[in-house]
Amino acid sequence: MADNTIAVNCPIPSFSANMTSEKEFRLSDFAGKNLVLYFYPKDNTPGCTTESIAFRDAQAQFDAYNTVIVGISRDSLRSHEGFKKKLDLPFELISDPDEALCQTFQVMKLKNMYGKQVRGIERSTFVIDAKGVLVKEWRGVKVANHVEEVLQFVSTLPTA
């Protein structure tokens with residue numbers, strides 16, 4: 001899967017991954033729905049918690065636009081289950097410990113943390129339309145007002 005690269009206005013290659021609630025994510029299961037994939041660095045950190053709560057609180061609005069939300073990080077399913085329960089998230093989280101999806105979506109970056117270079121997920125969000133085409137991406141996301149931007153964008157997409 002690492003050979004696949006993604007680009008706006010191109011179909012997303014089919015993929016599957018383990019996610020919370022003992023479910024398997026299959027891109028094909030979301031045909032006919034818009035899909036928001038948000039990549040975040042780590043469960044239970046301040047920015048990731050704030051972002052996840054913002055998506056949670058906007059869930060009904062995303063539903064109104066035929067849009068499913070899924071969060072993705074390298075954390076384990078066990079960590080994800082705890083994070084999901086703690087925040088009462090109404091959507092699933094994908095565990096990507098081998099970074100297959102991170103590589104496909106090219107979200108792994110070198111970042112400075114406490115004066116050291118560390119490799120981690122660059123906060124990024126992708127919208128895939130009901131036909132499986134990547135229609136929008138945000139990279140290097142700042143949490144403030146981000147969910148509102150995503151919601152505004154999906155409101156412009158066809159709902160059927």
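Me: Is the crossing of α1 and α5 left-handed or right-handed?
Reply: This is a predicted model, in which local features need pLDDT of at least 70 and side-chain atom pairs count only at pLDDT 80 or more, while totals for chains, interfaces and linings use all residues. Residues are numbered from 1 along each chain as its sequence is written, and side-chain values use heavy atoms, with hydrogens and water left out. A crossing is left-handed if the near helix is turned anticlockwise from the far one by less than a right angle, and right-handed if clockwise. By that rule, the crossing of α1 and α5 is right-handed.

Me: At what angle do α1 and α5 pack?
Reply: Helices (H or I, at least four residues) and strands (E, at least two) are DSSP runs, numbered from the N terminus. Axes are lines fitted to C-alpha atoms, for helices over the stretch in contact, and angles run from 0 to 180 degrees between N-to-C directions. The axes of α1 and α5 are 9 Å apart, and the two helices pack at an angle of about 40 degrees.

Me: How many residues of the contact of α1 with α5 are nonpolar?
Reply: Contact means heavy atoms within 4.5 Å. Glu51, Ala54 and Phe55 in α1 meet His146, Val147 and Val150 in α5. Ala, Val, Leu, Ile, Met, Phe, Trp, Tyr, Cys and Pro count as nonpolar, Asp, Glu, Lys and Arg as charged, and the others, Gly among them, as polar. One residue of this contact is charged, one is polar, and the number of nonpolar residues is four.

Me: Which element supplies the largest share of the largest nonpolar core?
Reply: A nonpolar core is a set of buried (under 20% relative accessible area) Ala, Val, Leu, Ile, Met, Phe, Trp, Tyr and Cys residues joined through side-chain atoms within 4.5 Å. The largest core has 24 residues, of which Phe55, Phe62, Val127, Val150 and Val154 touch the most other members. At least two residues each come from β3 (34-39), α1 (46-57), α3 (77-87), β9 (134-139) and α5 (146-154). The largest share, five residues, is that of α5.

Me: Which residues does valine 154 touch, not counting residues up to four places away in sequence?
Reply: Val154 is among the residues of the largest core that touch the most other members. With residues up to four places away in sequence left out, valine 154 touches Val36, Phe62, Tyr65, Thr67 and Val127.

Me: Why is strand β4 largely enclosed by the rest of the structure, and how many of its residues are buried?
Reply: Strands pair if DSSP finds at least two bridges between them. β4 runs parallel to β3, joined by six bridges, and parallel to strand β5 (residues 92-95), joined by four. Valine 70 in β4 stands opposite leucine 37 and also opposite glutamate 92 in β5. Strand β4 (residues 67-73) is largely enclosed because the number of its seven residues that are buried is six.

Me: Is glutamate 92 buried or exposed?
Reply: Exposed means over 50% relative accessible area and partly exposed lies between the 20% and 50% limits, with a 1.4 Å probe and protein chains only. Glutamate 92 is found in strand β5. Leaving aside neighbours within four places in sequence, glutamate 92 is in contact with Met19, Thr20, Ser21, Lys23, Ile69, Val70, Gly71 and Lys84. Glutamate 92 has a relative accessible area of 13%, so it is buried.

Me: Which residues of strand β1 point to one face and are buried?
Reply: In a regular strand the side chains alternate between the two faces of the sheet. Strand β1 (residues 16-19) alternates in this way, with Ser16 and Asn18 pointing to the other face and not buried. The buried residues are Ala17 and Met19.

Me: What is the phi of serine 21 in the turn of the hairpin?
Reply: β1 pairs with strand β2 (residues 23-26) in the antiparallel sense over four bridges, and serine 16 has arginine 26 in β2 as its bridge partner. Three residues lie between the two strands of the hairpin, and serine 21 in the turn has a positive phi of about 65 degrees.

Me: What is the phi of aspartate 88?
Reply: Aspartate 88 lies in the loop between α3 and β5. With a relative accessible area of 60%, aspartate 88 is exposed. Although aspartate 88 is not a glycine, its phi is positive, at about 55 degrees.
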